[in-house]
Amino acid sequence: MLSYVVRRLLVAIPTLFIIITIAFFMMRVAPGGPFDGERALPPAVEANIAARYNLDRPLIVQYGLYLGNVLRGDFGPSLRARDFTVTELIAQGFPVSLQLGGIALLLAAVVGMTLGATAALKQNSAYDYGVMATAMSGIAIPNFVMAPLLTLVFGIYLSWLPVGGWRGVDSMILPIIALALPQVAYVARLTRGSMIETLRANFIRTARAKGLPEHVTIVRHALKGGLLPVVSYLGPAAAGLITGSVVIEQIFGIPGIGRYFVQGALNRDYPLVMATVIFYGALIIILNLVVDVLYGLLDPKVRYQ
Amino acid sequence: MTDTPFGSEDKVGTQPIKGRSLWSDAWHRLLKNKAAVTAMIILGIIAILCVFGPMLTPHSIDAINWAAISQPPTLENFYIFGTDGNGRDLLTRVLMGGRVSLMIGIIATLVSLIIGVTYGAVAGFFGGRIDTLMMRFVDILYSLPFMFFVILLIVVFGRNFILIFVAVGAVEWLDMARIVRGQTLSVRRREFIEAAQASGVSNFNIIRRHVIPNTLGPVIVYMTLTVPKVILLESFLSFLGLGIQEPMTSWGVLIKEGADNMESAPWMLIFPGIFLAATLYCLNFIGDGLRDALDPKDR
């Protein structure tokens, strides 16, 4: 088990390294420098700026310096928000993004598993079809359509909830629902499928044959087997939530990392964009690792050599 | 497609038995699937509307009518979807946006298809160290946050129509490569490959004539499921303002404009939203139907 974790970590490090490398060189081949203004600066000033940001050194030295800085958690200054370093911006936005994504993930897991499992127990009933049709809508309607629609109905027409911002519980409801909905749908579909398969397994027939009450059979035997494959989906689900949070934060004006990322992308704030890509990459790698390890702990069939 | 390894035994009998090919079997199963057939019909209608509709509407995509700014849907002047904040006909814009979205969906899927099938077939066919190396590379790419690299790419090189095709296609080929490799591994050891090798067919021709046609089933299923992913990805980028630029439009751009104006002009959000969701719905149902029809495990 421990050796498996170590091995996975050893794969994760080169992957992160590749992310940083691609991000760095992509920025350097970008046409136009980050300090190209409308006005031509005197050569002396230009040279000074270049020296300040090490732009006059050979590319490979710049790369080495950047790599060293990243390892110390220093992503350099933001080109647009002059008073902040990129690290500060990310540190500011992360708690908010974490709240949004964390609650959405929890919601997706709990609601999705409940819906999927109950649908499987009443297979081919009206309830089952209803849940699956709703799930299909959750998949087909992208969250950047769902979010404005929810705002329109609950925020503007009914005026029940605020349409934006991130202050107080009521402002969190709409963004979290909009973000979680597609993942709720995926989890529900997955859970239903694996529950139906489990309910047909021999050990369930045995449990029923020896006269266990139905609820014990389901809770103690079927749920254990049926929910396992869903656990391994939580990694991709978290990745999907991270991607989704970019657009949700933009729509609802939530001050998280996703919003900085989009603004940085639109303003060509290279250090900010690069840092966010690296941060997201690291986050996804870590989450996948955690989920895989969790899966190994839960499923006795998995053996790590 | 016709020279599948199955069905050749049928010719042994004295009377000619008309064998049913794998494909006609699958086709019949697909036609029995009501959801998939309905989805195909609706998708067909949407596609025809998007291709021919803009030629038939009385307004052009960028014609500005100052007299009808943010006009709600009305029969007058044939503004049945209303107009946007610049007085442009929304019906024409939604259909033109559909052209762009569908085109990106198809072209980017074809890009991913060509890269993925070639890569997967080569890796699976040669096997051994080449296979390990090639698939490890795919594994590494797999764990990268690609959406963000696409955005990075667009930030660096500017917004460019072709770049979006290439970027999106390059993201989606990974799954295709894995699927084709798996199929190739199971085909590689079959007798007809051995026969081809014995009669001196080159590796390139074996892959082209014998390996790839036998991987088509899962590839078609996966292709159908890739198109909605690509359309979604393009809309996502356009929604963030990183995709298609004015005066061209796509469903993502229109939804973005609609979301900005939804208080005063909700139809601007609703119509492109319906078209996008309906298309994604249909493609998902067709993909599911095809999988049921082509997957022998479920029979």
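# Helix packing and burial in chains A and B

Modeller: In this predicted model, the axes of helix α10 (residues 257-267) and helix α11 (residues 270-298) of chain A cross at roughly 140° and come within 8 Å.

Biologist: What makes α10(A) oblique to α11(A)?

Modeller: Roughly antiparallel needs an angle over 145 degrees, and roughly perpendicular runs from 65 to 115. The crossing of roughly 140° falls in neither range, so α10(A) is oblique to α11(A).

Biologist: Is the crossing of α10(A) and α11(A) left-handed or right-handed?

Modeller: The two helices make a left-handed crossing.

Biologist: Which residues in α10(A) and α11(A) meet?

Modeller: From α10(A) come A:I257, A:Y260, A:F261, A:G264 and A:A265, and from α11(A) come A:L272, A:V273, A:T276 and A:F279. By class this contact has seven nonpolar, two polar and no charged residues. A:G264 is on the polar side of that division, because Gly is counted among the polar residues.

Biologist: Turning to chain B, why are α3(B) and α9(B) called oblique to each other?

Modeller: Helix α3 (residues 90-126) and helix α9 (residues 216-239) of chain B pack at about 130°, their axes 8 Å apart. An angle of about 130° lies above the 65 to 115 range and is not over 145, so α3(B) and α9(B) are oblique to each other. Their crossing is right-handed.

Biologist: Which residues make the contact of α3(B) with α9(B)?

Modeller: On α3(B) they are B:S101, B:I104, B:G105, B:I106, B:A108, B:T109, B:S112, B:L113 and B:V117. On α9(B) they are B:V219, B:M223, B:T226, B:V227, B:V230, B:I231, B:E234 and B:S235. The contact has 10 nonpolar, six polar and one charged residues. B:E234 is the charged one, because Glu belongs to the charged class.

Biologist: What is the secondary structure of chain B as a whole?

Modeller: Chain B has 11 helices and zero strands. The C-alpha trace of chain B spans about 75 × 50 × 30 Å along its principal axes. Of its 299 residues, 45% count as buried. Among contacts in chain B between residues at least 6 apart in sequence, 68% join residues at least 24 apart.

Biologist: How many residues of chain B are in contact with chain A?

Modeller: There are 31 residues of chain B in contact with 33 residues of chain A. α5 (146-157), α9, α10 (251-260) and α11 (267-294) of chain B each supply at least two residues of the side that touches chain A. Of these, α5(B) gives the most, with eight residues. The side of chain B that touches chain A has 25 nonpolar, five polar and one charged residues.

Biologist: Which residues have the most contacts inside the largest nonpolar core?

Modeller: They are A:V187, A:V277 and B:L152, in a core of 161 residues. The largest share of this core, 17 residues, comes from α3(B).

Biologist: Which residues is A:V277 in contact with, leaving aside neighbours within four places in sequence?

Modeller: A:V277 is in contact with A:I19 and A:A23, and with B:P145, B:F148, B:F149 and B:L152.

Biologist: What makes A:P162 count as partly exposed?

Modeller: A:P162 has 18 C-beta neighbours inside 10 Å. Buried needs 20 or more, and exposed means 12 or fewer. The value of 18 lies in between, so A:P162 counts as partly exposed. A:P162 is in the loop between α6 (143-157) and α7 (169-199) of chain A. Leaving aside its neighbours within four places in sequence, A:P162 is in contact with A:G155, A:D170 and A:S171.

Biologist: How do you know that A:T21 counts as partly exposed?

Modeller: A:T21 has 13 C-beta neighbours inside 10 Å. Exposed stops at 12, so with 13 A:T21 counts as partly exposed. A:T21 is in helix α1 (residues 2-28) of chain A. Its C-alpha atom is separated by 39 Å from that of A:M113, 92 residues apart along the chain.

Biologist: Why does A:N124 count as exposed?

Modeller: A:N124 has 9 C-beta neighbours inside 10 Å. Exposed means 12 or fewer, so A:N124 counts as exposed. A:N124 is in the loop between α4 (86-121) and α5 (126-140) of chain A. A:N124 also has a positive phi of about 65°, although it is not a glycine.

Technical notes. Residues numbered from 1 in each chain as written. Chains lettered and ligands numbered in written order. Predicted model: local features only at pLDDT ≥ 70, side-chain atom pairs only at ≥ 80, totals over all residues. Axes fitted to C-alpha atoms, helices over the stretch in contact; angles between N-to-C directions. Helix = DSSP H or I, 4+ residues; strand = E, 2+ residues; numbered from the N terminus. Parallel < 35°, antiparallel > 145°, perpendicular 65-115°, else oblique. Left-handed = near helix turned anticlockwise from the far one by under 90°. Contact = placed C-beta atoms within 7 Å. Core = buried A, V, L, I, M, F, W, Y, C linked by C-beta atoms within 7 Å.
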